[in-house]
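User: Please take a close look at one part of this model for me: where the ligands sit and what surrounds them. Spell out your cut-offs as you go.

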Amino acid sequence: MSVDSVEKKGKLVVFSAPSGTGKSTVARMVRERIGGLGFSVSATTRAMRPGERDGVDYHFLDRETFEKKISEGGFIEHEFFFGNCYGTLLDKTMEAVDSGRHLLLDLDVKGALNLKRIFGDRALLVFLKPPSMEVLASRLEGRSSEGPEALKVRLERASMELSQADRFDFVVVNDHLGETVDVVAAKITQFLSQS
Ligand code: ADP
Ligand code: 5GP
């Protein structure tokens with residue numbers, strides 16, 4: 001691979017956070033501010049939430065289709081949690097990276113660390129922390145997207161995810177939304193401007 005082709009390659013910005021911290025909200029606002037940062041649409045077997053669109057928020061697949069894709073090597077990484085499968089599509093991601101487009105990915109901590117192993121310094125891992133577990137619980141409840149049991153499972157997983165924060169390149173407490181977007185956007189702009 002020539003130096004030219006390395007320079008032309010796109011970079012990956014990966015967001016992780018315990019569910020309910022505000023990752024999707026911050027990601028959307030950061031993308032509105034930084035032009036040319038596409039969103040990597042993952043595949044999932046979970047049910048669509050009100051307001052979500054197939055092919056925009058996720059590619060919503062049934063279990064059989066998801067498993068067939070695994071066996072065909074269709075994912076860069078995939079994980080099972082919350083009773084569902086989530087995965088990053090290999091072809092879409094490599095298509096973007098090979099043509100020099102930058103992508104923002106929203107992944108759980110294991111998926112994020114796997115991508116870092118593959119892409120090294122071409123990937124920036126951003127971890128968002130909630131101000132406290134109480135605030136996290138109230139944001140999840142406020143979103144009203146999960147029933148009490150699913151909500152409990154998401155909160156239980158949060159401690160494991162928080163314990164991995166120091167393995168990320170950049171960690172921010174998402175307290176005041178405007179400030180979070182300011183510091184995260186500045187960090188990403190700096191990352192994307194480096195060769
Ligand atoms: P995630 O993608 O991490 O699961 P969401 O982006 O869906 O989380 O955010 C969960 C809820 O918290 C949403 O209702 C969102 O509007 C709210 N939220 C996000 N960031 C903040 C913040 N800094 N302060 C208060 N509420 C927030
Ligand atoms: P949600 O069901 O709230 O949309 O997402 C649950 C979790 O799945 C979030 O932590 C999100 O970052 C993660 N996630 C979404 N897509 C992927 C993916 O392709 N791979 C991995 N490993 N995690 C994902």
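Analyst: Ligand 1 sits in the largest pocket. A pocket here is an open set of points on a 1 Å grid over the protein atoms alone, where a 1.4 Å probe fits and protein lies on both sides within 12 Å along at least five of seven lines. Sitting in it takes more than half of the molecule's atoms within 2 Å of those grid points.

Some ground rules: this is a predicted model, so local features need pLDDT of at least 70 and side-chain atom pairs count only at pLDDT 80 or more, while totals for chains, interfaces and linings use all residues. Residues are numbered from 1 along each chain as its sequence is written, chains are lettered from A and ligands numbered from 1 in the order written, and side-chain values use heavy atoms, with hydrogens and water left out.

Back to ligand 1: 13 residues surround it, and Gly 20, Lys 23, Ser 24, Thr 25 and Arg 143 come nearest. To count as near, a residue needs a heavy atom within 4 Å. By type, the shell splits into 2 nonpolar, 7 polar and 4 charged residues. Nonpolar covers Ala, Val, Leu, Ile, Met, Phe, Trp, Tyr, Cys and Pro, charged covers Asp, Glu, Lys and Arg, and polar takes the others, Gly among them.

Now the polar contacts, which are pairs of N or O atoms within 3.5 Å. The side chain of Thr 25 brings an N or O atom to 2.6 Å from an oxygen of ligand 1, and a backbone N or O of Lys 23 lies 2.8 Å from a ligand oxygen. Over at Leu 177, a polar backbone atom is 3.4 Å from a nitrogen of ligand 1. On its own, ligand 1 exposes 570 Å², and the protein buries 74% of that; the areas are Shrake-Rupley values with a 1.4 Å probe.

Two elements give two or more residues to this shell, helix 2 (23-33) and helix 6 (133-143). Helix 2 gives the most, with 3 residues. Helices and strands are DSSP runs numbered from the N terminus, H or I over at least four residues for a helix and E over at least two for a strand.

Ligand 2 also sits in the largest pocket. Its shell has 17 residues, with Arg 46, Tyr 58, Tyr 86, Asp 106 and Asp 108 coming nearest. The make-up is 5 nonpolar, 4 polar and 8 charged.

As for its contacts, an N or O in the side chain of Glu 77 is 2.7 Å from a nitrogen of ligand 2. Arg 49 puts a polar side-chain atom 2.9 Å from a ligand oxygen, and Gly 87 has a backbone N or O 3.1 Å from an oxygen of ligand 2. Taken alone ligand 2 has 520 Å² of accessible area, and the protein covers 96% of it.

Strand 5 (75-81) and strand 6 (84-89) each supply at least two residues of the shell around ligand 2. The loop between these two strands holds Phe 82, which isn't a glycine yet has a positive phi of about 50°. Phe 82 counts as partly exposed because its relative accessibility is 22%, with buried meaning under 20%, exposed over 50% and partly exposed in between (1.4 Å probe, protein chains only).

Key
A polar contact is a pair of N or O atoms within 3.5 Å; within protein, one must be able to donate a hydrogen and the other to accept it, and residues adjacent in sequence count only if both atoms are side-chain atoms. On a 1 Å grid over the protein atoms alone, a cavity is a set of points where a 1.4 Å probe fits but cannot get out, and a pocket is an open set with protein on both sides within 12 Å along at least five of seven lines; lining residues have an atom within 4 Å of a point.
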